[in-house]
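Hi everyone, thanks for coming. Today I'd like to walk you through some pockets, so have the picture ready.

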Amino acid sequence: MFENLIKRAEVVIEALPYLKKFYGKIIVIKYGGNAMMDKKLRAKVLQDVVLIRYLGMQPVLLHGGGPSITRELKKRNLESKFVEGLRVTDSATMEVVEKVLGRMNAGIVSVINKDGGAGKGISGKKGKIIRAKKHIIVRNGQKIDLGFVGDVRSIDVKRLKEMIAKGRIPVISSNALA
């Protein structure tokens with residue numbers, strides 16, 4: 001019993017310099033789709049997001065959803081093609097991506113809220129939080145069109161800070177507005 005408490009105290013003492021350093025700071029967490037596949041890991045990650053909020057940091061969670069998107073595309077008999085690790089995304093694929101990310105976003109917010117946080121789900125695209133420009137791959141002098149794949153051009157930091165000021169934990173899906 002006491003050994004377990006001593007171990008926990010040691011962890012807190014070890015973390016103290018980091019807690020001091022990041023207190024009051026905005027912490028952006030990229031939560032990848034692969035990390036969401038294990039329910040126990042998912043629960044612990046989201047619990048930690050709520051914990052760091054209670055410890056005085058200001059988390060912003062940006063999530064993907066690659067494996068779930070791939071699974072949904074297979075269900076619809078849509079083929080996934082990747083170039084240099086990026087999914088080629090036509091309009092039919094993008095429709096699936098947006099539906100899957102929306103579902104995942106709602107699920108993440110629900111868990112955060114259940115754990116005592118105040119999650120606020122928002123689409124990077126529909127919420128106009130993330131703006132992107134078309135990603136271009138040039139191979140052997142040829143441009144490869146990846147469809148609706150982009151590079152982040154800007155983030156609406158003002159809106160994120162407004163949410164944070166209201167005590168919310170922004171949960172943003174990784175789709176963007178062109």
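I'll go through two pockets, one after the other. Keep in mind that this is a predicted model.

Okay, the largest pocket. How much space lies in there? About 900 Å³. Its lining is made up of 31 residues. If you want to find its centre on your screen, look for Phe148, Val149, Gly150, Ser174 and Asn175, because those are the lining residues that lie nearest to it, going by how a pocket and its lining are defined here.

So which element gives the most to that lining? It's β7, with six residues. On the sequence, β7 runs 142-155. Other elements chip in as well: α3 (66-75), β4 (86-87), α4 (91-114) and β6 (130-139) each supply at least two residues. As for chemistry, the lining has 15 nonpolar residues, 10 polar ones and six charged ones.

Right, on to the second largest pocket. This one holds about 250 Å³ of space. Where does the largest share of its lining come from? From α3, which provides four residues. You'll also find α2 (39-54) and α4 here, each with at least two residues in the lining.

Let me name some of the residues that line this second largest pocket, so you can click on them: among them are Met36, Met37, Asp38 and Lys39, then Ser68, Arg71, Glu72 and Lys75, and further along Val100, Arg103 and Met104. Sorted by class, that lining comes to seven charged residues, four nonpolar and one polar.

One last thing to spot: α3 and α4 turn up in the lining of the largest pocket, and they supply residues to the second largest one too. That's it from me!

Notes. Residues numbered from 1 in each chain as written. Predicted model: local features only at pLDDT ≥ 70, side-chain atom pairs only at ≥ 80, totals over all residues. Heavy atoms only, no water. 1 Å grid on protein atoms, 1.4 Å probe; cavity = no way out; pocket = protein on both sides within 12 Å on 5 of 7 lines; lining within 4 Å. Points joined across faces, edges and corners; volume = space filled by probe spheres on them. Nonpolar A, V, L, I, M, F, W, Y, C, P; charged D, E, K, R; others polar.
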